[in-house]
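Here's a quick briefing to read alongside the model. Have the viewer open and follow along.

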Amino acid sequence: MLKKFKAIKGKLSLFRHIQYPVREVDLRGTTYVFRELVGDDIKELLQVERLVYAGELPWTKSAFLSELYSRVQHLYIGVLFQERMIGFAGVRILGGDAHVTNIAIIPEYQGKGIGSFVLGELEHYARKQRCDRLTLEVRLSNRDAQRLYRQLGFISQAIKAAYYTEGNEDALDMVKYLHG
């Protein structure tokens with residue numbers, strides 16, 4: 001029975017509607033591949049998390065699978081360089097809200113325009129879904145990410161106390177209004 005399930009699981013992605021076709025994009029003289037994520041990408045997503053979060057795994061395998069196969073409208077984009085997953089980002093659509101659930105770029109590739117680009121892609125998707133706003137949370141200690149989000153038009157809304165279970169850290173709730 002398990003063998004049959006594994007064989008079918010591998011073919012499920014063939015029946016999924018692809019919302020985001022594979023794209024090669026040149027950012028600052030380097031070509032990256034951006035593509036929609038599927039269940040088979042879990043190992044690479046966990047590896048990116050380990051590199052970004054110093055060995056920690058804020059999202060478990062089951063959390064990623066739940067998101068990737070959710071019936072709630074969503075889009076998860078992976079970033080590859082030389083066929084290696086170096087980052088990812090995801091958004092979930094709930095009514096007029098497009099919520100960035102996760103964004104992670106491994107440290108050696110941060111500051112190269114990848115985060116800005118992938119957030120722009122999520123924003124484009126949110127606009128196509130007729131969302132009014134794009135929201136996210138960010139650790140209070142993550143000043144670099146906050147700076148990037150502000151440069152991209154996000155504003156602070158509130159502080160969510162003890163939002164992150166690791167370290168019991170507060171989160172800054174941010175929003176970008178998508179009028180017009």
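What follows covers the sheet, the helices on it, the salt bridges and two unusual backbone angles. Keep in mind that this is a predicted model. The centrepiece is an open sheet of 8 strands with mixed pairing, and a search of the whole structure turns up 11 salt bridges.

**The sheet**

- Reading across the sheet, the strand order is 1-2-3-4-5-6-8-7.
- Strand 1 and strand 7 sit at the edges with a single partner strand each, so each has one side without a neighbour in the sheet.
- On average, neighbouring strands here are turned by 25 degrees against each other, ignoring direction.
- Strand 6 pairs with strand 8 (residues 171-177) in the antiparallel sense, over 7 bridges.
- For a landmark, look for leucine 134, which stands opposite lysine 176 in strand 8.

**Helices on the sheet**

- Helix 2 (residues 42-52) lies across strand 4 and strand 5, and runs at about 100 degrees to strand 4.
- Helix 3 (residues 61-68) packs on the sheet too, where it touches strand 3 (74-81), strand 4 and strand 5.
- The direction of helix 3 makes about 120 degrees with that of strand 3.

**Salt bridges**

- As background, side chains of opposite charge can pair when their charged atoms come close.
- Glutamate 108 and arginine 84 form one of the salt bridges, with their closest N and O atoms 4.0 Å apart.
- That pair links distant parts of the chain, 24 residues apart: arginine 84 is in strand 4 (residues 84-94), while glutamate 108 is in the loop between strand 5 (97-105) and helix 4 (114-128).
- Glutamate 108 counts as exposed because its relative accessibility is 52%, and exposed means over 50%; arginine 84 is partly exposed, at 36%.
- Within helix 4, glutamate 123 and arginine 127 are 4 residues apart, about one turn of the helix, and their side chains meet in a salt bridge at 2.9 Å, N to O.
- In this helical pair, glutamate 123 is buried, with a relative accessible area of 14%, whereas arginine 127 is partly exposed at 33%.
- Lysine 160 forms a salt bridge with glutamate 137, and here the closest N and O atoms are 2.9 Å apart.
- This is another link between distant parts of the chain: lysine 160 belongs to strand 7 (residues 155-160) and glutamate 137 to strand 6 (residues 133-139), 23 residues apart.
- Glutamate 137 counts as buried, at 15% relative accessibility, while lysine 160 is partly exposed, with a relative accessible area of 30%.
- Asp97, Asp132 and Arg133 are joined into one network by salt bridges that share partners.

**Positive phi**

- Most residues other than glycine have a negative phi, which is the reason for flagging the next two.
- Arginine 28 has a positive phi of about 55 degrees although it is not a glycine.
- You'll find arginine 28 in the loop between strand 1 (23-27) and strand 2 (30-36), where it counts as exposed at 65% relative accessibility.
- Arginine 130 also has a positive phi, near 65 degrees, and is likewise a residue other than glycine.
- Arginine 130 lies in the loop between helix 4 and strand 6, and at 74% relative accessibility it counts as exposed.

Terms used: Residues numbered from 1 in each chain as written. Predicted model: local features only at pLDDT ≥ 70, side-chain atom pairs only at ≥ 80, totals over all residues. Heavy atoms only, no water. Buried < 20%, exposed > 50% of the residue type's maximum accessible area, 1.4 Å probe, protein only. Pairing = 2+ DSSP bridges. Axes fitted to C-alpha atoms, helices over the stretch in contact; angles between N-to-C directions. Contact = heavy atoms within 4.5 Å.
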